[in-house]
Every structure is written in structure tokens, then in C-alpha cells.
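Reader: I am in my first year and would like to look closely at one part of this protein, the place where its domains meet. Could you take me through that part slowly, and then point out a few local details elsewhere?

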Amino acid sequence: MNSDVKLEDIVSLAKRRGFIWQGSEVYGGLRGTWDYGPLGVQLKRNIMNLWWQMFVDARDDMYGVDAAILMNQKVWQASGHVDTFTDPLVECSSCKGRFRADKLDDPNKCPTCGETDIFSEPKQFNMMFKTNVGPVADENSVSYLRPETAQGIFTNYKNVIDTFYPDLPFGLAQVGKAFRNEISPRDFVFRSREFEQMEIEFFVHPDRWQESFDHWVTECKRFFDALGLDPSMVHELEVPKDDRAHYSKRTIDFEFDYPIGREELMGLAYRTDFDLKNIHDNSGKNMEYRVKGSDETFIPHVIEPSFGVERALMAVLCSSYREDEQNGEKRVYLALSEHLAPVRYAVSPLLKNKPELVEKAREVYASLSKKYPGRVMWDDNGNIGKRYRRQDEIGTPECVVIDFDTLEDGTVTVRDRDTTKQNRKIIEEI
Ligand code: ATP
């Protein structure tokens, strides 16, 4: 498909067309933060909605939650994050630059000043953003911006059991912000300090974790298909024991061929009963599950598919970026699928100084907007050719043009982004 796309092309299109901008750009930016413009926010929402529809709405065994970002510090002590959520940090003794030791291209050479053999011994750097809740800043008021959404699910597991008592296996799903003080944020939104996760904790009988794990491998792939990712660019990596997170007994990373190389798109982990057991032991609350109609009780085990919105979005942009030539001119377009494209239809009057065309086009615009709220764009700037180019660049699948024939026979021109072919259709058929 599209393996030779360059990151600069994606970043430049995203900026030029109002998808994604550097965070706090007017003040020189804040590293590792990104702001979404009108089209970016719609694309991101379309991805999150797709995920929610597939994994929550379409299933009877899934429940949604939305937990607070700030949580009692005991959550992060019990989960092991206070002690072990760290990355190895080295400092260059020449320029004082700080880097993540395991991500250096050359472990002996400073990527900033180019000096060699100047790194300090690696120190473990905790990636959680620490803060204080309330007006007194002492050890008791310490809290953290959550580094994963998962803990907000585990802490609500008992609430869901008490209010819904679902049969096993069942899942809790959450979409929301996560924060990590990454030592070296880089590669556009791929490694940010503030990002969004879509996570599921799927609770299973301890003897049956394997079948649920396999089920989620299939489900993850179904989601990649729905995103329109080329399957040959997605790879499964069985993560060796030493590289797994402290809570995991088995992890598969799904990697994608990004322009920056093959990197993690999302992770699927078997978290055992690690988290619920910690809560059980530390909170004094019983986290055991009793199988209905029997005396069998146990702490459920957990399969966790953890998706990053930004990495999904970046994979979607990279997979859909295309360049071709039309009438001797270079054209850039995003071959986004209909359900992801921020703009589903652009509507134009052929000439903007003909009131009868404008009026008819406004009618078509209003009726399409009812069908696709927020995803129909009015575009009467420049000539038709320019409008098509602009819409191609933002991935609009079809442009609808109202001309004089429309007034006669109720048909419009529908122009296809990928083939650039134009067809006449009756308005009601769109
Ligand atoms: P990496 O090894 O790339 O740092 P990770 O293994 O620490 O990632 P997880 O803890 O498994 O990541 O987080 C689950 C998902 O959250 C990741 O697969 C990714 O999609 C997303 N994610 C994690 N860290 C970031 C980040 N800094 N920026 C954007 N997305 C992230």
C-alpha cells in the first residue's frame, strides 16, 4: 500500500489543513503536547466512536465507565506505578541533555551534541506527573495525572458487580486522557506527554484466560481492518518476559510500519489477577467474584486490550496518504474510509454568484447535514478544481456540485475522490 510515506508530509498536511498543531504554539510550544483542530478532532472522534460502537455498543458483555483522572494516591502505590513506572534516563556530561537510554540510536553518542562516551549511569525516572490535590501541599495530598486509564476501571470493578452482577466473562471499557512525562517525546503524536487511550479490562475465569486472549487477538485485528489499515503493515510481536510490564504474564504488541519504523500501535496483555488482588489486599474490600448459583469464588483474571488513539490516528493518516498526478499536476489526497473521513460530503454551487444555484445548494447542504451532522462542509471558495484539491487533501470521499441541470432535473454531480470520476445522481439517492 503506502510504505514510503514520509513523516514530514503527514505533519505538514496535518498542520496546513487544520488537523493537528503543536500545543501552545503561540508561545513557542510545549514539548510532547498537541492540539487538535476542527478536522483532527472529528477524525479522532470518528476513531473513538468506531471503537466504542464495535466493542461496547455492539456487545452484550461490555460496560462503559468514565472515571476521574485524579485518583487517590493509594491506587498508584498498590498498582506498582509509584515504584516501577519508570524509564531509564541518562544525562550527557557535555551538553547536559537528558535521554531515554533504551531509545538511543547509538548508546555511546549524544544525539544533541554528538560527543561520545559521555553518558552517566542510567537512573530510573518515574514518568507520572505528580501534583497536590487541595490547598495543602504535603505527602497526604499527593496525587498523579493517571498514566493509564486502566486503574479507573479496576477501582470501579466492584461497583459494576454490585449494580449489574454480570456473568463472566465480561468487560469494562473506558476512553480518556492519560499522561506520561516521557523523557524524549518525539515523532509527532506518536510519543506524547498527554494522549488518549481506549482500554478494556476483560474479566475472565482464571482457567479460561487463554481463550479470551485469543478472542481479543481476533477482535484487535477486526478493529485494524475497520480503521482501513493494510494488514501487511500490522505485525504481532510476542513480547519476551524481560520486556513485559511488571503486571503481565503474556503480552502481544501489535506493531505498525510507521514512517519512523516498525513501532507499537497497541498492546494486548494478560494482567492475571494482579490489579484486583492488589486492591483486594490493600483496600480491605472483597474483590472476589461468586459464580451465580454456586459457591465458587475467585478473583477474576484480566485480559487487557489497550489502544492509543494518537497511534491509531497516525497509522490511519499514514495508510491513507497518497500522491498521484492529475492533468499533469501533483495531487495529494487522503484515501480515508467513509466512516472515518472528517468531512463525508462537501457541497458546492457551481458558481457562487448565481443565487438560484446557491439556494438549491443550501437545500442539499441542509438535508445532507441532517443525515451526517457536523460532517458536511459548505465549500464555495475558488473554482471547482481548487475545491476538489482541497477536499482531496482532507480526505472527503465525495463532493456534490449543484449546477444548472440540477434546477431542471433534480440531479447533481457527485465527484469521487479516489477515481476523480464524476457521476450524475438524483439528489435523493445520495
Ligand atoms: P512504548 O513502549 O511505546 O512507550 P508502552 O508499552 O509503554 O509504549 P502501554 O503502556 O502498553 O505503552 O500503553 C498502551 C498504549 O497506549 C500503547 O500501545 C500506545 O498506543 C499508547 N501510548 C503509550 N504511551 C504513549 C505516548 N507517550 N504517546 C502516545 N500514545 C501512547
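Reader: To begin with, which residues does the domain assignment of the protein give to domain 1 and which to domain 2?

Author: Please keep in mind throughout that this is a predicted model. The domain assignment gives residues 7-76 together with 139-318 as domain 1, and residues 343-429 as domain 2. If you take the C-alpha centre of each domain, the two centres lie 38 Å apart.

Where the domains meet, seven residues of domain 1 are in contact with seven residues of domain 2. The area buried between domain 1 and domain 2 is about 580 Å², and carbon and sulfur atoms give 53% of that area. On the side of domain 1, Arg17, Leu39 and Gln42 supply 64% of the area that this domain buries against domain 2, which is more than any other three residues supply.

Arg17 deserves a second look, since it also forms a salt bridge with Glu393, in which the closest N and O atoms are 2.7 Å apart. Between domain 1 and domain 2 the count is two salt bridges, and across their interface two residue pairs are found in polar contact. When you ask which helices carry the side of domain 1 that touches domain 2, you will find that α1 (7-16) and α2 (38-57) each supply at least two of its residues. Helix α2 gives the most to this side, with three residues. Sorted by class, the side of domain 1 that touches domain 2 has three nonpolar, two polar and two charged residues.

Staying with helix α2, you can follow a pair of aromatic residues along it. Trp51 and Phe55 are separated by about one helical turn, because they are four residues apart in helix α2. The count of aromatic pairs comes to 24. In the pair of Trp51 and Phe55 the ring centres are 5.8 Å apart and the planes stand at 85°, which is over the 60 degrees required, so the pair is edge-to-face.

Helix α1 offers a salt bridge of its own to examine, in which Lys15 is paired with Glu25 and the closest N and O atoms are 3.0 Å apart. This pair links distant parts of the chain, for Lys15 is in helix α1 while Glu25 is in the loop between β1 (20-22) and β2 (34-36), and the two are 10 residues apart. A search of the whole structure finds 34 salt bridges.

Finally, two details of the backbone can be found in loops. Leu168 and Pro169 are joined by a cis peptide bond, with omega at about -10°, and Pro169 has its place in the loop between α6 (157-164) and β9 (170-179). Asp117, although it is not a glycine, has a positive phi of about 55°, and this Asp117 is found in the loop between β5 (98-100) and β6 (123-126).

Conventions. Residues are numbered from 1 along each chain as its sequence is written. This is a predicted model: local features need pLDDT of at least 70, side-chain atom pairs count only at pLDDT 80 or more; totals for chains, interfaces and linings use all residues. Side-chain values use heavy atoms; hydrogens and water are left out. Domain bounds come from an automatic or database domain assignment. Contact means heavy atoms within 4.5 Å. Buried area is the accessible area (1.4 Å probe) that two parts lose on being put together, summed over both. A salt bridge is a side-chain nitrogen of Lys or Arg within 4 Å of a carboxyl oxygen of Asp or Glu. A polar contact is a pair of N or O atoms within 3.5 Å; within protein, one must be able to donate a hydrogen and the other to accept it, and residues adjacent in sequence count only if both atoms are side-chain atoms. Ala, Val, Leu, Ile, Met, Phe, Trp, Tyr, Cys and Pro count as nonpolar, Asp, Glu, Lys and Arg as charged, and the others, Gly among them, as polar. Rings of Phe, Tyr and Trp (its six-membered ring) pair if their centres lie within 6.5 Å; planes under 30 degrees apart count as stacked, over 60 as edge-to-face and the rest as tilted.
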